[in-house]
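Good morning, everyone, and thank you for making the time. I would like to walk you through one chain and then through the place where it meets its partner.

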Amino acid sequence: MLALDSVRSGYGKLEIVQSASLSVPDGSIVGIIGPNGAGKSTLLKTAFGYLTPWAGRVMLDGRDIAGRRPDEIVRRGVGYLSQAGGLFAEMTVHDNLVLGGYTISRADKRRAIDEVYARFPLFRERRRQVAGALSGGEQRLLAIARALIVKPRLLLLDEPSAALAPRFIDLIYATLQRLNRDGLALLIVEQNVEAILTVAHRVFVLDLGRNAFDGTPAELRGSDRIRRLYLGEDEGQA
Amino acid sequence: MLESLLEFLIQGLVLGGLYALFAVGLSLIFGVLDVINVAHGEFFAIGGYLAFAAVVLLHLPGALGVLGAAAGTFLLGLAVYPLLIAPLKRRLGGRPPGPLYLVLTLGLSTFLQSSLLAIAGGDYLRVPPQVSGILDLGVTAVSHQRLLVLGVAAGLLAALFAFLRWHPQGLAVRAVALNPDAAQAMGVNLPRIFALTLGLGIALAGIGGALMAPLFNVYPAVGFPLTIKAFAITILGGMGNPAGALAASFLISVAESLSVMVMPSQWQNLIAFAVMIGMLLVRPYGLFGRPGAR
């Protein structure tokens, strides 16, 4: 579905991603982990069009989308959740959901918002409150619910568990797994290695903007070198 | 005393309508694009010239003059983003623009003023009122043209705020003002929203120019003092806060109008700027803004 091939990218003249490749097959959960500054979020932003790659290809369904704007990529069935969730904190819960359906018809939007309210009754009760008044975990759930309004085929998530209480991390990941079972492919950048290794079908480790590992969570757990270097574990600990 | 108070209050409200048409657009543009449009006053002047061309040169009804000014300045506003701001943004890449947008619109202001001078000359042009007559309120009287300015301003601003509140494109405009990256992730086309915002904001100034043309004379620099005053209003209301700009427009205009009852009229124009300087020193985010907001 999504394939990044030898991508180089960065900000201004600062190269962050030096050569990274990965692929996300239909219906899979793929994780990207690595130390701080490895280029994980930069790679995700490049895949979604916030950044134009300096070199390499970003292929979606076999077509190169490098240089396309994020709104064009959204229309091709890809959603994106930033680290902070990207909610409009000063707008109401309902308006956030309405904006989530910006690209679809009014009838489809109404139906999708009703589905969100049925699945998360809390949001129906608090639909007139500003989104910023929700707790951190509720905001993250609302951001995920909002991203689903347009029924994307692939969702890119930048550290969905960041700054959340363990209770909410479990809830978020349970929700993501349920969505994946319904066919949604997920590409997740994550610092919480245990959380992502539990759900991912495949994991990529990035270091200094380059691929350092590519395999299944079981293969990663079986590699002493990777565990030692990137998971901060001592030999024999795992 | 009561008659004077009522008269000055009505004058203040009419002036507030004009200020609001002007300042709300300026504030909306700043909030969405982070651009201080120094050329806003020149679009006000263009609105006046378009009304003059329609009514005096083409002998069309006054209402068509206002509609022509609205359409003409809206189209000009739509063109500002793709022709000027987007190319500069592309050149800058991801680097912060610093004062470059300010310099760009200052250049546009001078270019438009010089163009108006070259095309229409520097004479003061008169436009007949769109409506004639005077409403006698007993204690005072007010011309129908002034009431028209106030009524159209109220109607347009109510329509604008309803658009921003309920229409999907209006929600998108607000979303871009709050978080452009997140808005893009919703599928919002940023260049289109930037162009639309400039079109709307500039059309409000153009309509103001057409409506005020019968009350002021039309000349190339007619809008420049308004631009400066609108800066004071937007700072009072909170930069990038159209609702704050609306409230601040009436606060300033009524204060200016009533001030002539207690001080010489030549001090009237100083009020807005004294308020602006005071606000910047004491509460730079304005009466209705919050620290950290744009």
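Before anything else, a residue is called buried if 20 or more other C-beta atoms lie within 10 Å of its own. Please also keep in mind that what you see is a predicted model. With that cut-off in hand, we can say that buried residues make up 50% of the 294 residues in chain B.

Let me turn to how chain B is built. Chain B contains 11 helices and 2 strands, and if you follow the sequence from its beginning, the elements come in the order α-α-α-α-β-β-α-α-α-α-α-α-α. The radius of gyration of chain B is 19 Å, close to the 19 Å that the globule rule gives for 294 residues, and chain B is therefore as compact as a globular protein of that length. Laid along the principal axes, the C-alpha atoms of chain B fill a box of roughly 60 × 50 × 35 Å. If we take the contacts in chain B between residues at least 6 apart in sequence, 77% of them join residues at least 24 apart.

Now to the partner. Which residues make the contact, and how many come from each chain? Chain B gives 18 residues to the contact, and chain A gives 20 residues. On the side of chain B that touches chain A, α6 (168-178) and α7 (180-185) of chain B each supply at least two residues, and the largest share, 6 residues, comes from α6(B). Sorted by class, that side of chain B has 9 nonpolar, 6 polar and 3 charged residues.

Terms used. Residues numbered from 1 in each chain as written. Chains lettered and ligands numbered in written order. Predicted model: local features only at pLDDT ≥ 70, side-chain atom pairs only at ≥ 80, totals over all residues. Contact = placed C-beta atoms within 7 Å. Helix = DSSP H or I, 4+ residues; strand = E, 2+ residues; numbered from the N terminus. Nonpolar A, V, L, I, M, F, W, Y, C, P; charged D, E, K, R; others polar. Rg over C-alpha atoms; globule rule 2.2 N^0.38 Å. Buried ≥ 20, exposed ≤ 12 C-beta atoms within 10 Å, placed from the backbone.
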